[in-house]
Amino acid sequence: MYQAYQNHMDLTAPWRTGAAYALKYLNLVPQGVSDKLFGRLAAALELISRTSLTYSRPAYGIDKVMVGNHEREVTEEVVYTTPFGSLLHFKKENSPEQPRLLLVAPMSGHFATLLRGTVKTLLQDHDVYITDWHNPRDIPLDQGKFGLDEYTEHLITFLDQLGPRSHMVAICQPSVSALAAAAIMCEDNHPARPATLTLMAGPIDTRILPTKVNVFAKSKPLKWFEENLINYVPIQCKGAFRQVYPGFVQLTAFVSMNLERHIKQHIDLADHLAKGDKEKAETIKTFYDEYFAVMDLSAEFYIETIRDVFQEHLLPQGKLTYRGRPVHPASIKRMGLMTVEGEKDDICSIGQTLAAQDLCTGVRTYRKVHHMQAGVGHYGVFSGRRWNNEIYPLLRDFVHVNA
């Protein structure tokens, strides 16, 4: 299926390229010359040129940020890299010393740039690093596999690069691996174990108020996921023959959950373009430029996540292992623990992340913080107005108190 899809996209590429070139020249036509006709034609060409996905990471585009009353220039610096991911540092010029923070991005079909707004907000008061995951379709097969153990191992390695008294914030899916990494590092008395661990909208215990996503994950045997969702990377790619859960399949599933909304957005886009309302059109285009930038998941990581997190619930039952070692959340000590949930989260419901508080019995009560944000869904936990104005100040104070 993946090979057929890639062949189709390659064959139709000239049509999209032609539409993009035609649109470029059409935009040179002076305003006032048959605006209505050219507006409709421009809208059609724009939609044709956008009928494809991209498998390359978009730019973060964070050049400057306010630190206190001063604007600081930001440059991206790769501190450490493996075939599967890079530790990316957002370095601020002439910035005062601030708490070092590792932002752990999910591997769920999109690139870490989905957290662009989260990074920009955190940069105000923190020295921010992010797990910048690479697309498996670009990773040669001889580089080995990437499963849950490898993900957790990357977190431990990245924290080691940051050094002692750093802080870790995990968004959504990687909350399980982040908690496992913290437990292993505490048990080993690792000098770079994090000073705080913040889990935001993460599936620590999906037995609690199961969502549609949780129900679906348990509605099929594991073999069904392997046979129906796992494909080989096409021969045109660097990662040819690597087994993956393709990004275009994931995106199709996401879009189908809110199909009417996405159709309306594209109708609105065409309408704005035809009327020359560039600002409104640009807002929609910017969103879908990010949304249609998709990343495959390695088969091992996807299948192990379905099995260990959503079907067998190994972590809350005390059965999760890392490299054959039992993971003991009770080993987490001398560390602050914060959990954040959204009232309207239909992906990770209320209580699923809070469960970490009960598992981490070694954390002192006065170092535990839980926040349930009213009125927000899944993405509102880490992006948007309420994240900036209501959730982030709590996280910032929690980190600084435990720095």
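Begin by selecting F225, which counts as buried because its relative accessibility is 0%, where buried means under 20% relative accessible area, exposed over 50% and partly exposed in between, with a 1.4 Å probe and protein chains only. The model is predicted, so local features need pLDDT of at least 70 and side-chain atom pairs count only at pLDDT 80 or more, while totals for chains, interfaces and linings use all residues. Residues are numbered from 1 along each chain as its sequence is written, and side-chain values use heavy atoms, with hydrogens and water left out.

Next, add W224 to the selection, a residue that is partly exposed, with a relative accessible area of 26%. K220 lies over the face of W224, at 5.1 Å from the ring centre; a charge sits over a ring if NZ of Lys or CZ of Arg is within 6 Å of the ring centre and within 35 degrees of the ring normal.

Now show the aromatic rings. A search of the whole structure finds 16 aromatic pairs, where rings of Phe, Tyr and Trp (its six-membered ring) pair if their centres lie within 6.5 Å, and planes under 30 degrees apart count as stacked, over 60 as edge-to-face and the rest as tilted. W224 and F225 form one such pair, edge-to-face, with 5.2 Å from centre to centre and 90 degrees between the planes.

Move on to F146 and Y151, both of which are buried. Their ring centres are 6.2 Å apart and their planes stand at 65 degrees, so the pair F146 and Y151 is edge-to-face. Widen the selection to Y80, F84, W133, F146, Y151, F158 and F301, which ring pairs link into a cluster.

From there, select S86, which lies in strand β3; strands (E, at least two residues) and helices (H or I, at least four) are DSSP runs, numbered from the N terminus. S86 is buried, with a relative accessible area of 7%. Its side chain makes a polar contact of 2.8 Å with the side chain of H134, a polar contact being a pair of N or O atoms within 3.5 Å; within protein, one must be able to donate a hydrogen and the other to accept it, and residues adjacent in sequence count only if both atoms are side-chain atoms.

Finish at T82, in the loop between β2 (70–81) and β3 (85–92). T82 is buried, with a relative accessible area of 18%, and a polar contact of 2.7 Å joins its side chain to that of H154. Leaving aside residues up to four places away in sequence, T82 touches H134 and H154, where contact means heavy atoms within 4.5 Å.
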